Amino acid sequence: MTQAFWDQRFGRKAFAYGEQPNDFLVEQASALPPGDAICLAEGEGRNAVYLASLGHRVVAQDFSAVGLAKAQALALRRGVALRVEQGDLAAWNPSPVSVDLVVAIWMHLPASLRRQVLAKAAWALRPGGVLLLEGYGPEQLGLGTGGPPVAELLIPSQALRQELAGLELELLRDCRRVVQEGAFHQGESAVVQLRARKPIP
């Protein structure tokens, strides 16, 4: 998907995926102490703003400046601080051991780029830091309730097991759940969910 595609999707007044945080993130975040967090491919900021409301120091990263402008506006309305970082994930170069939490919700990339980004995410985590990911799995292709309509952009759970071999996989599951997020994620969905932790030496 091009930057122009995302600028157009986020250019409407309504939030494309709603203003409420992702259900999996809400489920997982309550057990995490506040820290430095980055949300990758964050779009209009709903998850980043939620984490900021829990006391995290959050950076929202996305390809679309239009989406990030809406993220900043949402943060202002909710009374929380939020930093934004506009750019292509292909050029993302985080500082090593610099964050406590990396969030990748609906971050759908070509497999080679996903491997690169997840390796950098693991590199960026401090010891004990957590990576949270939810994405559409291969079975989503036949459901038509959200996500990219291209098989290569869907996320097989076994690929994540290989790509994150250096992290401790505390949770990795394929499941069906009803997703209700704005106009573009609606209905029963085939998802993969992951929580991984960087080992403490």
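Modeller: Let me start with a term: buried means under 20% relative accessible area, exposed means over 50%, and partly exposed lies in between, with a 1.4 Å probe and protein chains only. This is a predicted model, where local features need pLDDT of at least 70, side-chain atom pairs count only at pLDDT 80 or more, and totals for chains, interfaces and linings use all residues. Residues are numbered from 1 along each chain as its sequence is written, and side-chain values use heavy atoms, leaving out hydrogens and water.

Biologist: Thanks! Why is Phe 5 called partly exposed?

Modeller: Its relative accessible area is 27%, which lies between 20% and 50%, so Phe 5 counts as partly exposed.

Biologist: And what makes Phe 10 buried or exposed?

Modeller: Phe 10 has 4% relative accessibility; that is under 20%, so Phe 10 is buried.

Biologist: Why is the pair of Phe 5 and Trp 6 called edge-to-face?

Modeller: Rings of Phe, Tyr and Trp (its six-membered ring) pair if their centres lie within 6.5 Å, and planes under 30 degrees apart are stacked, over 60 edge-to-face, the rest tilted. Here the centres are 4.9 Å apart with 90° between the planes, so the pair is edge-to-face.

Biologist: What makes Trp 6 and Phe 10 a stacked pair?

Modeller: Their planes are 25° apart and their centres 5.5 Å apart, so both cut-offs are met. Ring pairs link Phe 5, Trp 6 and Phe 10 into a cluster.

Biologist: How do you know that Arg 9 lies over the face of Phe 184?

Modeller: A charge sits over a ring if NZ of Lys or CZ of Arg is within 6 Å of the ring centre and within 35 degrees of the ring normal. Arg 9 lies over the face of Phe 184 at 3.6 Å from the ring centre, so the distance cut-off is met.
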